[in-house]
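Hi,

Here is the structure I said I'd send over. Have a look at it first, and then read on for what turned up when I went through the helices and loops.

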Amino acid sequence: MTHASVPGVSPELLHRATARFAERFPGPAPRVAVAPGRVNLIGEHTDYNDGFVLPMAIGRAAVLAFRARPDGVLRGHSVAFDETRELAVDALSAPGGNDWLSYVAGVLWAFASEGRPVCGLDVVVDGDVPIGAGLSSSAALEMATARALCAATAAPWDPVPMAKLGQKAENRYVGMNCGIMDQFASAVCREGHALLLDCRSLEARPVPVPAGASVVVMDTGARRKLAGSAYNDRRAACERVVAEMAKASPGVRALRDVTGEELEAAKPRLHPTDWRRASHVVPENRRPVEMAEALQAGDLARAGRLMNDSHFSLRDLYEVSCGELDLVTELARRHPACFGARMTGAGFGGCAVALVREDAVAGFCDAVLSAYRAKVDLPAALFPCRPEAGARILE
Ligand code: GLA
């Protein structure tokens with residue numbers, strides 16, 4: 001099989017996954033499911049506050065080579081960990097674990113928990129989304145698994161309920177209390193577009209990335225530590241503010257329902273840290289809508305300013321940035337071709353994102369990378385990304 005023409009997926013990766021499958025699981029050729037990682041342009045830590053987000057799928061993906069098995073066994077091989085393991089599908093129960101096979105098993109468990117058809121599978125798990133870098137390698141694997149499972153059981157692929165099942169797998173089976181953004185982006189995104197998602201209604205609108213602008217992912221090389229507990233602390237702070245504000249205004253169900261003025265008025269009743277956290281979320285909830293407007297109007301300067309504001313707010317109020325993310329975004333902003341830059345994803349390490357003049361993108365990447373490397377000895381990388389399509393089966 002030749003894979004040279006599949007957009008958004010590296011041909012070497014497809015070759016490696018299918019070759020490994022043939023070696024480990026001899027027999028009929030596998031089918032292949034692919035689901036992208038994502039970069040979030042703006043709207044950080046807003047999904048679990050019922051706000052807006054603006055992610056786009058990138059050309060780094062989870063690849064799952066798979067074949068159904070009649071005996072209810074899930075047999076998985078990971079290329080990254082060079083490991084093969086087996087589980088009985090009807091014995092899966094939550095919570096499971098958080099190793100590589102748990103993301104696959106968790107999706108099987110989530111399907112079964114809602115009475116959807118499941119089956120045994122041989123799978124080879126591969127991908128080129130860096131792990132722990134804030135580009136959603138886990139959601140990509142979950143959505144590739146969901147896509148594979150639908151294909152293997154001849155069930156229709158309906159991306160929105162699939163994203164919810166992926167989130168359920170991650171929340172309940174893997175034990176990470178994430179919002180809906182990552183799975184939604186990996187399942188639903190369209191080529192050439194970011195996706196403006198209302199995390200309350202789950203209505204989504206594709207937003208074209210305008211000509212002349214390039215989205216650059218800036219991987220600091222720092223990998224997040226303790227992200228799970230710090231993430232859950234942030235969620236808990238948001239929930240405490242909502243509980244307090246709902247006492248006076250019963251209509252408040254999430255920070256989405258709170259205005260800046262209302263938050264200011266409630267300040268004396270809130271713990272100072274909780275107030276700071278909410279002071280990030282309330283304006284950030286609206287920034288994706290404003291950024292979508294700016295992108296649609298081709299106003300890249302405004303889009304960039306919104307990204308910068310988002311970063312400063314995540315750094316100073318939500319306190320989820322780190323020295324490497326602050327440095328790389330600062331170096332990016334100093335470059336004349338950069339409209340704006342911010343950390344992306346949960347934070348505490350991983351990647352940032354910059355909006356850059358397309359005709360100057362190569363020079364931008366070289367200049368920022370060498371300035372960063374002069375100060376930080378980590379395996380950093382900068383790469384421009386085109387907006388790619390969501391999860392699919394390669395035929
Ligand atoms: C992680 C979570 C998402 C979202 C972001 C922060 O990526 O999985 O649901 O909360 O952090 O915006």
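Let's start with H3 and H4, which are oblique to each other. In this predicted model, H3 covers residues 137-152 and H4 covers residues 159-174. Their axes come within 9 Å and cross at roughly 125°, and that angle is over the 115 where "roughly perpendicular" stops, so the pair counts as oblique. The crossing of H3 past H4 is right-handed. If you want to click through the contact, H3 brings Ser-138, Glu-142, Met-143, Ala-146 and Cys-150, while H4 brings Met-162, Ala-163, Gly-166 and Glu-170. Sorted by class, that contact has five nonpolar, two polar and two charged residues.

On the H3 side, it's worth recalling that an α-helix has 3.6 residues a turn, so residues three or four places apart point the same way.

H4 also packs against H2, which is residues 100-113. Here the axes come within 8 Å, with a crossing at roughly 115°. That makes H2 roughly perpendicular to H4. This crossing is right-handed too. The H2 residues in the contact are Ser-102, Tyr-103, Ala-105, Gly-106, Val-107, Trp-109, Ala-110, Phe-111 and Ser-113. Facing them from H4 are Met-162, Leu-165, Lys-168, Ala-169, Glu-170, Arg-172, Tyr-173 and Val-174. The split for H2 with H4 is 11 nonpolar, three polar and three charged. Met-162 and Glu-170 of H4 turn up in the contact with H3 and in the one with H2.

Then there is H3 with H5 (residues 181-188), where the axes are 9 Å apart and the packing angle is about 50°. So H3 is oblique to H5, and the crossing is again right-handed. From H3 you have Ala-139, Ala-140, Glu-142 and Met-143, meeting Asp-182, Gln-183, Ser-186 and Ala-187 of H5. That contact has four nonpolar, two polar and two charged residues. Glu-142 and Met-143 of H3 are worth colouring, as they take part in the contact with H4 and also in the one with H5.

Next, H8. This helix runs over residues 272-296, which is 25 residues. From first C-alpha to last it reaches 37 Å, close to the 36 Å expected at 1.5 Å a residue. Where does H8 bend? At Arg-287, by about 30°, and Pro-288 follows within four residues. Just after H8 you'll find Gly-298, with a positive phi of about 70°.

Finally, a few backbone oddities in the loops:

- The peptide bond from Ala-94 to Pro-95 is cis, with omega near -5°. Pro-95 sits in the loop between strand E5 (83-88) and H2.
- Asp-82 is not a glycine, yet has a positive phi of about 45°. You'll find Asp-82 in the loop between strand E4 (73-78) and E5.
- Phe-348 is another residue other than glycine with a positive phi, near 65°. Phe-348 is in the loop between strand E10 (338-343) and strand E11 (351-357).

If you only have a few minutes, I'd open the H3 and H4 crossing, at roughly 125°, and then go to the bend at Arg-287 in H8.

Cheers

Key. Residues numbered from 1 in each chain as written. Predicted model: local features only at pLDDT ≥ 70, side-chain atom pairs only at ≥ 80, totals over all residues. Heavy atoms only, no water. Helix = DSSP H or I, 4+ residues; strand = E, 2+ residues; numbered from the N terminus. Expected span 1.5 Å × (residues − 1). Bend = angle between axes of the 7 residues up to and from the residue. Axes fitted to C-alpha atoms, helices over the stretch in contact; angles between N-to-C directions. Parallel < 35°, antiparallel > 145°, perpendicular 65-115°, else oblique. Left-handed = near helix turned anticlockwise from the far one by under 90°. Contact = heavy atoms within 4.5 Å. Nonpolar A, V, L, I, M, F, W, Y, C, P; charged D, E, K, R; others polar.
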